[in-house]
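Dear colleague,

I am passing the structure below on to you, together with some notes on what turned up when I went through it. Please read the notes with the coordinates open beside them.

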Amino acid sequence: MAERTAQSDLPLEGPRAAMELQYVVLSLAIDPERRSIAGEGSYRVLLSEPQSTLAFDLDPRFTVSAISVNGAALDRGAWRNPDGLLTMQLPAAAGAGDVLEVSISYAGRPHEALSAPWEGGFVWSQANGQPWIATAVQGEGCDLFWPCIDHSSSRIGAMETLVTVPAGLVAAGNGALLATVENDDNTTTFHWRARNPSNYGISLQIGPFELSERMYESRYGNSIPIQFWHLPENKAGARRLIAEMVDYLDFFESTIGPYPFGDEKAGVVETPHLGMEHQTINAYGNQYRRDELGYDWLLHHEFAHEWFANQLTHANINHMWLHEGIGTWMQPLYLGWARGEMFYNAEMWRQRQSIISRVPLVPPEGTMPDYNDRAAGWGTDIYAKGAWIMHSLRYLVGDDVLFPALQELTYGTNNPVPGEIAPVLRTTDDFRQILEARTGYPLDWFFDTYFYQAELPRLRSRREGDVLTLEWEAPSDSGFDMPVELRFGGTTRRIAMDGGSATVTLPEGTRHVQIDPRNQILMYDEAIAAARGT
């Protein structure tokens, strides 16, 4: 794969920084036998600055056969794509505010995934002797199979996908199905339309599927179709998971707010790889395993991304914990909601044991984190450490602050109304500002310690008689003022740690003191470190 194509979220500069994709129509013909695709993308492009060229990200393995701008075909020498940046010379310079109609025709054999979804691309598989095809391109980006602006901040106003496949196959897609057309050449075209999709959330999911579905009556007054495309032999499993999704929807809508894409669907499709959060058509490959916790962790996690990835989208990949960490925290929250506090605590403890914390959770601007770098562990910490930061925030500010702040972060309002919801782009600093506005006090010490430093804070304690001294050691120059709970003598006290330390006089005769008895603070754990030999 070309070096540029293998990366996602490269800095927006030049024409890419000035191009807004207001509307896209992507027509794709899929040839499973040759493992190839032929596509035509039609784009309505709004320019924010004057431009003499346009640029799209596209894997250079594809051959571009034609490009037109405002209906006029460009000469073959007017475009080039040596490295994955398809650059075209406009017939005449365009000004700020101009809207251009661009058409790109291309074809070729797309990159095949090495280990989907972690190392992505096309998955060409078979089920029941028929083609079973999926795309998973989060890490590498949308340019693996269509011309796009491969950056998290590049949301699309609306997108239609027309996917043509051999007869007998189904192409489950993003958004709402507009039409299914049986063609004369023994193929079928599935026509989908999605509102405000994220670019990596656009996917192709093709197979000999059957559809199971039911309606969900939302507490917000709207009806949401739950649709599950599955292999025919897995109908019973799909129906069981649809019943679980009813519960998931009730949890998310009561905890965060209305399902953002209720006017389209809550969709799932069975895939030959583990899973991915494609907008309104989540990939599911957990093989319908039963779990002693009473839910399907994978389906729940990918569905959480409809809120934390597809509705709230990180402004760039450095803030990916907003997707994965908050989404991961939704799992113990759901278990506590569904089955009780013990399940919440048990899941938080399981997650705690996987935190690595060798690199900052939010890498410095200008650096590109590597999801698959096992030594650094960033691709693990954005899940578990992100979830534990949310757990500690809950302790620090309380539910009455955190959940309204999370709703504002997710929707941009505390009055989200179905039919009026639009996606938002967010950074970690946006979250800090929202929380500070609600608490009335600065939280730079918390955010700097947990997000921008690698090392976890350490709590030192020393007891001399009835006097207990507590002191935080934290890597941040902003200090660390996290209050600490103590339990002794049958009571629990919350101790302020102004300046990062406190001295507590215990009642005479106190023998045993528990520090952070409910395990709410993310900090260095000597037992975990010893078990790891670190």
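**Helix α4 and its surroundings**

The buried residues of α4 are covered by elements that include α3 (235–255), β18, β19, β20 (282–284), α5 (321–339) and α7, where helices (H or I, at least four residues) and strands (E, at least two) are DSSP runs numbered from the N terminus. This is a predicted model, in which local features need pLDDT of at least 70 and side-chain atom pairs count only at pLDDT 80 or more, while totals for chains, interfaces and linings use all residues. Residues are numbered from 1 along each chain as its sequence is written, and side-chain values use heavy atoms, with hydrogens and water left out.

Helix α4 spans residues 297–304, and 7 of its 8 residues are buried (buried means under 20% relative accessible area, exposed over 50%, and partly exposed in between, with a 1.4 Å probe and protein chains only). Those buried residues are Leu-298, Leu-299, His-300, His-301, Glu-302, Phe-303 and Ala-304. At the start of the helix, a side-chain oxygen of Asp-296 comes to within 3.2 Å of the backbone nitrogen of Leu-298.

Thr-271 lies in the loop between β18 (266–270) and β19 (275–276), and it is buried, with a relative accessible area of 4%. Its side chain reaches the backbone oxygen of His-273 at 2.9 Å, and, not counting residues up to four places away in sequence, Thr-271 touches Trp-132, Ala-134, Gln-205, Ala-283, Tyr-284 and Gly-285 (contact means heavy atoms within 4.5 Å).

As for the nonpolar cores (sets of buried Ala, Val, Leu, Ile, Met, Phe, Trp, Tyr and Cys residues joined through side-chain atoms within 4.5 Å), the largest has 91 residues, of which Trp-321, Trp-329, Met-330, Phe-431, Leu-435 and Met-482 touch the most other members. Helix α7 (residues 378–397) supplies the largest share of this core, 11 residues. A second, separate core of 58 residues includes Ile-37, Met-88, Ala-172 and Val-269. Leaving aside neighbours within four places in sequence, the contacts of Trp-321 include Ile-382, Gly-386, Met-390 and Phe-431.

Finally, is Met-368, in the loop between α6 (341–352) and α7, buried or partly exposed? Met-368 counts as partly exposed, at 36% relative accessibility, and, with neighbours within four places in sequence left aside, it is in contact with Ser-8, Asp-9, Leu-10 and Ile-317.

With best wishes

Terms used. Polar contact = N/O pair within 3.5 Å; in protein donor to acceptor, adjacent residues only side chain to side chain.
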